[in-house]
Amino acid sequence: MKEIMEDSVVTQAKRIAGDFLLEQVKTSYRIIGKGIVNQVCVAETESRKVVVRMNDKDTFPSFIKEKWCIEQAVTVGIPGPEVLSIGIVDETAYMIQTFIHGDNGLDSTVLKSDVWRQLGEYAKLFHSIQVKGVGGNLIDPVLGEFQSPSHAGSDGSWHGYVQYNINSLTEYDRLIKLGVITQMESQRVRKLFENLKKETFHFGLNHGDISLKNTIVSQANQVILLDWGNAEVSVVPHGAVIQLMQYQILGLEEGPNIEELKAFLDGYGISVKDLADMRHLLLLKAFDNLRWAIDQSPDLIESYAAFAKQVVDMIMD
């Protein structure tokens, strides 16, 4: 059965690529692994080689967002694939991109800390892209305006996001029952979050998944950044750094080790001592993600609670 499924994905990619390129597709195959959310295939005609990414038609807005981000990134000097087309066909949302030659960042022989330093430089560049609002949904590509997915008790603003997480710290909090915090720690967390409300933050575009798996290193050692599906407008530079701290805590292969994180910070121009106040934002994000899982995705509660507990232990020490 799995073979038939595999074939149908490749067949669909061939059809989408052929209809767009107006050429016969000679070969097509799937790209497997690297934590890919979409179904990704390579399709090749006599004269062209493209990547076809496909997903459920409901995910089409994320392809619109991704196309917008890739195009904006190029204008500030970040190399990426060219988006040739996006659309919906037979319940399938698709994106056709140019094929980039090179090695995935996880497999490249280039020194990993060099790739991370380059990614730090890129982060500084994409944080300069003009955006409005806050959150992960691109609601106006012309103005570059983003919005948070609405959830109960938050109006989608940054202030609302922090306040929602403060209001959730009650004596009946599920996070206490889950063993993430004690009643006493809840009071301390409230103070930390109240302080975040008073701080003035800058907001910018964050890639959302800066990692080695989302890079291709070309033969000329140029680092090409892929996959903007998790992009959002959030606090900068903090948003990018806390995502990497999260990958480090989780021990993910595509995340940086201590030396590589330092290379990223060097590339960006941030010093290690700036990290201390970022940990409070990491806690806020860990709690908010866990509350989302409690409401929307019960199968993730256990892993999100374990992570939130790790961050609590790190901060409360």
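A disulfide here is a pair of cysteine sulfur atoms within 2.5 Å. By that rule, this predicted model has zero disulfides.

**Stop 1: two cysteines**

Select Cys41. Its relative accessible area is 0%, so Cys41 is buried. Now select Cys69. Cys69 is buried as well, and its relative accessible area is also 0%. The cut-off for buried is under 20% relative accessible area. Keep Cys69 on screen, as it leads to the next stop.

**Stop 2: helix 2**

Select residues 60–75. This is helix 2, with 16 residues. How far does helix 2 reach from its first C-alpha to its last? The span is 23 Å, close to the 22 Å expected at 1.5 Å a residue.

Next, pick out the buried residues of helix 2. They are Phe60, Phe63, Lys65, Glu66, Trp68, Cys69, Ile70 and Ala73. Note that Lys65 and Glu66 are on that list. As a guide for the eye, an α-helix has 3.6 residues a turn, so residues three or four places apart point the same way.

Which strands do the buried residues of helix 2 pack against? Show strand 3 (49–56), strand 4 (83–89) and strand 5 (92–98). Then add strand 8 (137–140), strand 9 (145–147) and strand 10 (202–206). These six complete the set.

Before leaving, step past the end of the helix to Gly77. Gly77 follows helix 2 and has a positive phi, near 100 degrees.

**Stop 3: the five-stranded sheet**

Display strands 1 to 5. They form an open sheet in the order 1-2-3-5-4, with antiparallel pairing. Strand 1 (27–30) and strand 4 stand at the edges. Each has a single partner strand, so one side of each is left without a neighbour in the sheet. Look along the sheet for its twist, which averages 20 degrees from one strand to the next.

Zoom in on strand 2, residues 39–44. Strand 2 pairs with strand 3 in the antiparallel sense, over six bridges. For a cross-strand pair, select Glu44 and Lys49: Glu44 stands opposite Lys49 in strand 3.

**Stop 4: Gln243**

Move to helix 7, residues 238–250, and select Gln243. Is Gln243 buried or exposed? At 4% relative accessibility, Gln243 counts as buried.

Show what surrounds Gln243. Leaving aside neighbours within four places in sequence, Gln243 is in contact with Gly208, Asp209 and Ile210. Finish on Ile210: the side chain of Gln243 reaches the backbone oxygen of Ile210 at 2.9 Å.

Definitions and conventions:
Residues are numbered from 1 along each chain as its sequence is written. This is a predicted model: local features need pLDDT of at least 70, side-chain atom pairs count only at pLDDT 80 or more; totals for chains, interfaces and linings use all residues. Side-chain values use heavy atoms; hydrogens and water are left out. Helices (H or I, at least four residues) and strands (E, at least two) are DSSP runs, numbered from the N terminus. The expected span of a helix is 1.5 Å times one less than its number of residues. Buried means under 20% relative accessible area, exposed over 50%, partly exposed in between (1.4 Å probe, protein chains only). Contact means heavy atoms within 4.5 Å. Two strands pair if DSSP finds at least two bridges between them. Axes are lines fitted to C-alpha atoms, for helices over the stretch in contact, and angles run from 0 to 180 degrees between N-to-C directions. A polar contact is a pair of N or O atoms within 3.5 Å; within protein, one must be able to donate a hydrogen and the other to accept it, and residues adjacent in sequence count only if both atoms are side-chain atoms.
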